Amino acid sequence: MGRNIAGGSRIERCVRLRFASYNIHKSVGMDRRRDPERIMAVLHEIDADVIALQEVDRRIGARETTLPRKQIDDSPWRLVQVARRPRSIGWHGNALLVRRGYDVHEGEPLDLPTLEPRGAACGEITIAGTRLRVIGTHLDLSGLRRRDQIRSLIAVVDACRRDLPTVLMGDFNQWGRATGAMREFARGWQVITPGRSYPSRQPIASLDRICTTPHWECIDHAVHHTALSAVASDHLPIVATLTLRKSAAPAQ
């Protein structure tokens, strides 16, 4: 997708965007080193317009971020504000980044039904006159509440009176592409599973996904597997290029 030297993306009339989801493992790589600069380097490789991060904050204490705000401030992206703690940039480890120049209207932390601390980060942005909703999440590891968590997220989307084009992405912790909890997306949702993303050095599991409402058409998708991403975290990032269907009218 073309970039504008003056800053931001050159958004085509069809609203074509690159989305990415990345579990950064608290910025700890496969070499057991915590290296946030390496994570940022991977994000620059991906060069996505909207990014959902998982495991961005520590799980105990003040839930301090492992990705310093200064590094984000010096990047092409800005945070969607969902944190409830001053040292955090996310909610239960979930954070959203959007390219600078996009209008960010609001961010909301979402609680999920769970046996362990889980949640989601939700934000609304306007790009080229079109209002969009983005949700980043990290679902239950055990699988006992995963189906309930997906139902809860779908309910949030359904409860909104505005028919906003929505992208839901993250680490779903679901091995089967269309089994188990993923069946909850059967009605109307598009589930994009780019491929094996875990563990990063020799991936065997497709745990990371990007799901969309019917407003979107997927142009392409991939697992971002480079020499850097193979060591930066225990997950590989996934990316998808999406465009709004012609029947999806801009929501102001």
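This report describes salt bridges in a predicted model.

A search of the whole structure finds 14 salt bridges. Three of them are set out below, followed by the places in the chain that they connect.

| Salt bridge | Distance (N to O) |
|---|---|
| Arg131 and Glu106 | 3.4 Å |
| Arg147 and Glu184 | 2.7 Å |
| Glu184 and Arg151 | 3.2 Å |

**Between two strands.** The side chains of Arg131 and Glu106 form a salt bridge at 3.4 Å, N to O. This pair links distant parts of the chain, since Arg131 belongs to strand β7 (residues 130-138) and Glu106 to strand β5 (residues 103-111), 25 residues apart. Arg131 counts as buried because its relative accessibility is 14%, which is under the limit of 20%. Glu106, with a relative accessibility of 39%, counts as partly exposed.

**Between a helix and a loop.** Glu184 meets the side chain of Arg147 in a salt bridge at 2.7 Å, N to O. Arg147 is in helix α3 (residues 146-159), whereas Glu184 is in the loop between β8 (166-171) and β9 (190-192), so this salt bridge ties together parts that lie 37 residues apart in sequence. The relative accessibility of Arg147 is 30%, and Arg147 therefore counts as partly exposed.

Glu184 also forms a salt bridge with the side chain of Arg151, at 3.2 Å, N to O. Here too the pair links distant parts of the chain: Arg151 lies in helix α3 and Glu184 in the loop between β8 and β9, 33 residues apart. Arg151 is partly exposed, its relative accessible area being 43%. Through shared partners, salt bridges join Arg145, Arg147, Asp148, Arg151 and Glu184 into one network.

Conventions
Residues numbered from 1 in each chain as written. Predicted model: local features only at pLDDT ≥ 70, side-chain atom pairs only at ≥ 80, totals over all residues. Heavy atoms only, no water. Salt bridge = Lys/Arg side-chain N within 4 Å of Asp/Glu carboxyl O. Helix = DSSP H or I, 4+ residues; strand = E, 2+ residues; numbered from the N terminus. Buried < 20%, exposed > 50% of the residue type's maximum accessible area, 1.4 Å probe, protein only.
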